[in-house]
Amino acid sequence: MFVDVSSPVPLKRRRHTNIDPMEVESAKAKIAAAKEKFGRDILVFETSASSASSTVNSNIEETDDFFEFTAEDYYRILAKKKEDKFLKTRKIRDAEEAARRSKITKAVIRVRFPDNHTLEVTFHSSETFQSLFDFLSKVLAQPDRPFHLYTTPPKKVIKDMSQDFYSAGFIPGAIVYFSYDVPKAYTYGSDEDTASANCGPFLHEDIMSLKGLELMNEQPEPVQSAPEPVVVNPPPVAQEPKPAGKKPAKPKWLKM
């Protein structure tokens, strides 16, 4: 389950048929080489074109009224806290939290870029946001440009670099959005100016070469035709002969 309160956006996953085994081996080698180089499992997807409008709209700054904390939000959070603390001591809650934390060790983070590409990276749940930012600095096409990550909705920029993924609720996975920091010259400009300041390319060519390679590993298993069921006719049931009984006696009053 990925932490993203926005509407789910499908990823383009084309089905490959009759893939050359050499291409499969080449794809595996590229994925393994990327893992060895960066020390992490890396995948690159392309989101559907229908989500382009929602991605662009998410990059537009909202007014302060949009982020206003409503009474409905307050009562929902209050009810959740009461439910969590109901009849549980602090010792019990700490024990349950430690048990949950020991079971979840991976945090699969998907970074969605404005050009409809998604970078999927696997971290340990105890790693911090700083490790995510450090990793992105190694794979971006323009690593010198300042950038920020945020979640939506509502739009919340990630600022606490010391917070780990587990504490942030980014387990077993989460979706974050990438954006370059807009220069001050475009702060009061139009949406077109903001979009032009936040244009790609975003990922390095070596990382973009991994796009779609995970589909090579999803080879369909050979489908074996099920044997036709053998119809066994049950043996005929022999009917037991009725015991020969005595003929009914002719009543005395019956005259032939």
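**Figure 1. Strands β3 and β4 form an antiparallel hairpin.** Strand β3 (residues 106-112) is joined to β4 by 7 bridges, and the two run antiparallel; strands pair here if DSSP finds at least two bridges between them. Helices (H or I, at least four residues) and strands (E, at least two) are DSSP runs, numbered from the N terminus. Look for Lys106, which stands opposite His124 in β4. The hairpin has 4 residues between its strands, and Asn116 takes a positive phi near 70° there. A word on the model itself: it is predicted, so local features need pLDDT of at least 70 and side-chain atom pairs count only at pLDDT 80 or more, while totals for chains, interfaces and linings use all residues. Residues are numbered from 1 along each chain as its sequence is written, and side-chain values use heavy atoms, with hydrogens and water left out.

**Figure 2. Strand β4 is mostly covered and also pairs with β2.** Of the 8 residues in β4 (residues 117-124), 7 are buried, where buried means under 20% relative accessible area, exposed over 50% and partly exposed in between (1.4 Å probe, protein chains only). β2 and β4 pair in the antiparallel sense over 5 bridges. One of the places to zoom in is Leu43, whose bridge partner in β4 is Glu120.

**Figure 3. Helix α1 lines up its buried residues on one face.** For the 18 residues of α1 (residues 21-38), 1.5 Å a residue gives an expected span of 26 Å, and the end C-alpha atoms are 26 Å apart, which agrees; the expected span is 1.5 Å times one less than the number of residues. Buried in this helix are Val24, Ala27, Ile31, Ala34 and Phe38. Seen down the axis, these buried residues fall within an arc of 95°, so they line one face of α1; the arc is that of the directions from the helix axis to the C-beta atoms. They pack against β2 (42-46), α5 (129-139) and α7 (205-208), with contact meaning heavy atoms within 4.5 Å. On the face turned away from the buried side, you will find the exposed residues Pro21, Met22, Glu36 and Lys37. Gly39 follows the helix, with a positive phi near 75°.

**Figure 4. Two aromatic pairs, one edge-to-face and one stacked.** The structure holds 13 aromatic pairs. Rings of Phe, Tyr and Trp (its six-membered ring) pair if their centres lie within 6.5 Å; planes under 30 degrees apart count as stacked, over 60 as edge-to-face and the rest as tilted. Phe123 and Phe135 have ring centres 6.3 Å apart and planes at 90°, so this pair is edge-to-face. It links distant parts of the chain, with Phe123 in strand β4 and Phe135 in helix α5, 12 residues apart. Both Phe123 and Phe135 are buried. In the second pair, the ring centres of Tyr180 and Phe202 are 5.6 Å apart and the planes lie at 15°, so the pair is stacked. Tyr180 belongs to strand β7 (residues 173-180) and Phe202 to the loop between α6 (191-197) and α7, 22 residues apart. Tyr180 and Phe202 are both buried.

**Figure 5. Charged ends sit over the rings of Tyr180 and Tyr150.** A charge sits over a ring if NZ of Lys or CZ of Arg is within 6 Å of the ring centre and within 35 degrees of the ring normal. Over Tyr180, the charged end of Arg145 is 3.9 Å from the ring centre. Over Tyr150, the charged end of Lys155 is 4.5 Å from the ring centre.
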